Amino acid sequence: MKLMNYYHTIKFLRLSQIGHRLLRKFKKPRVRNHTASRSTFNGQWLDVKLYSQKHFSDDQVQFLNRTVKVDSPLIWNDSNQDKLWLYNLHYFEDLIAAGSDSRTVLNSALMHRWIIENPAPLGNGWEPYPSSLRIVNWIKYFLAGNSCDQSILNSLAQQADVLSQNLEFHLLGNHLFSNAKALIFAGLFLDCKAADYWLDTGLNIIQRELPEQVLADGGNFELSPMYHALMLTDLLDLLNVFTAFGDTIELTALKRIRQGAGKMLEWLKLMTHNDGEISFFNDSAFAIAPAPSKIFSYAEQLNLGLRQPEQTSHIHLHESGYSRIAFPGYCLIFDHGEVGPEYLPGHAHADSLSIEWSLAKHRVLVNSGTSIYGNNRQRLIERKTQSHNTVVVDDSDSSEVWSGFRVAR
C-alpha cells in the first residue's frame, strides 16, 4: 500500500522537482563571511504591526499556544519541541509585532544570541523557509527605525548568501516565493558585493511565479485561505519595500505585483466568514497569517483599495473552485475545486465538496483546519475526509492523504 502511495505521489511531480531534490542530496551551500553596510533609501517605509506579541521578559516566548523559556543555546534545535514550534522561534515574528519598539533590549539580545548559537549552516534556523522569514523580519525591524550593528549586518548577508544557494526549487509554491522575497529584501537593504545578484534572483523568481501562483479569480493556487493570506501579505510587503527604495524596481514588476495583490484582496474577502476570519479549507488556522482586517488595513495604507465584490447572493470563483452563497444573516462557502496543484498538494486536505456555514457572526458548520504539522496521527486525522463537512463513502477519503504532506490519487 505504501509503495503504491509513493508511486501515485511521485508521478505528479515535475521533473525539475525530482532533479532538485537529488541535487540537494549532494550539493551543500558554501559558508562565506561577509562585510556589509546598510543601503540608503529615499522613500518611506510603512511600519505596520501585523502580529500580536510573542516575546516576553525573562526570555519567555509564546507560539502556537505554548509558552517556553528560551534560556539555553540548545533551545533552537530542541528535539522535545515540535518542528513547527521551532520554526516559529527562528522566524523572529515578534520584531514586527505590536509593541516591538518597547522591547528593543530584548530583541537585540535575542538576535545576537541567534548569531552566536546558530553557526552556519547547522540546524533548523538555516533551513531555507525559516531563513527567508527571519531575514525579512529582521530587515523590516530595522527599516522601522531600529538600529543594527555590524555583526547583525554581516550575519544578514551570510544568511542571504546561504539562502541564495539553497532555494527550494524542489518544493516550489509558497516556499520558493518566500525565498525570493527574502532575497529581494536583502538585495535592497544591504550594500555588499552580492546584493545585486540577490535582488535580481529574487525579482526573476517573483515575476515567473506570480502568473501561476495567483489564479485568474485572485486565489492562491494552493487553495488554502491561510496560505493565501500569507502570500498576499508578502505582496504587500514587496510593494512597501519597493516604495521605500524608490526607483530601484522597474515599473512593470511593480505593476504586476499591484495587480496580483488587488485580485488576492477580493478573493480573501469572499473566503472570509461574517466573523471577519478565514474559512478552514485545506491547511488553515487562526493567528498564523495576519487577520484579514489587518491585511485590508495594510493594503489601504499602501493606496491599494479593496474593490467591493459584485452585489449578488451567489459568487463562483471559477479557477479556484469555491462558491460563496450569502444573504443577510448568513453565508455558506462550498469547495468544489481541485485539492491544489497536482505537483504540490502538501497543504491539501481530503475536503472535496465540503461546506462551511455561518449564521450571523457565529460559525455553525466548520472544517477541522489544522492544529499541528509533521508526520503524526493528529495531522492525518485533520486531513481526512471525516474531519470535514462532506460525505464519507465506504470509509474512504476523497483524496489519498498520507504522511504529513502527501497526496496520492
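A pocket here is an open set of grid points with protein on both sides within 12 Å along at least five of seven lines, and its lining residues have an atom within 4 Å of a point. With that in hand, take a look at this predicted model: α2 (15-26) and α6 (150-164) each put at least two residues into the lining of the second largest pocket. Beyond that pocket, there's a cavity to look at, a set of salt bridges, and a buried glutamate, E382, that has no salt bridge.

**Second largest pocket**
- This pocket holds about 420 Å³ of space.
- Its lining runs to 19 residues, and R24, K27, Q165, N166 and L167 are the ones nearest the centre.
- Helix α2 gives the largest share of that lining, with three residues.

**Cavity**
- Searching the whole structure turns up one cavity of 30 Å³ or more.
- The largest cavity encloses about 100 Å³.
- Its walls are made by K54, H55, V61, F63, L89, F92, E93, D94, L95, N107 and L110.
- Strand β3 (60-63) and helix α4 (104-117) each chip in at least two of the lining residues.

**Salt bridges**
- The tally is 17 salt bridges.
- One of them pairs D234 with K181, with the closest N and O atoms 2.8 Å apart.
- Since D234 sits in helix α9 (residues 225-244) and K181 in helix α7 (residues 173-189), this pair ties together parts that are 53 residues apart in sequence.
- Both D234 and K181 are buried.
- The two also belong to a salt-bridge network that links K140, K181, D234 and D237.
- E400 pairs up with R409, again with a closest N to O distance of 2.8 Å; R409 counts as exposed because its relative accessibility is 53%, over the 50% cut-off.
- R208 and E209 meet through their side chains in another salt bridge, at 4.0 Å from N to O.
- Within that pair, R208 is partly exposed at 47% relative accessibility, while E209 is buried at 6%.

**E382, a buried charge without a partner**
- E382 is part of helix α12 (residues 377-383).
- It is buried but makes no salt bridge: R379, the nearest side chain of opposite charge, is 5.6 Å away, and a salt bridge would need the nitrogen within 4 Å of a carboxyl oxygen.
- What E382 does have is a 2.5 Å polar contact between its side chain and that of S371.
- Leaving aside residues up to four places away in sequence, E382 touches H349, S368, G369, T370, S371, I372, S387 and H388.

Technical notes:
Residues numbered from 1 in each chain as written. Predicted model: local features only at pLDDT ≥ 70, side-chain atom pairs only at ≥ 80, totals over all residues. Heavy atoms only, no water. Helix = DSSP H or I, 4+ residues; strand = E, 2+ residues; numbered from the N terminus. Buried < 20%, exposed > 50% of the residue type's maximum accessible area, 1.4 Å probe, protein only. Lys, Arg positive; Asp, Glu negative; His and termini not counted. Polar contact = N/O pair within 3.5 Å; in protein donor to acceptor, adjacent residues only side chain to side chain. Contact = heavy atoms within 4.5 Å. 1 Å grid on protein atoms, 1.4 Å probe; cavity = no way out; pocket = protein on both sides within 12 Å on 5 of 7 lines; lining within 4 Å. Points joined across faces, edges and corners; volume = space filled by probe spheres on them.
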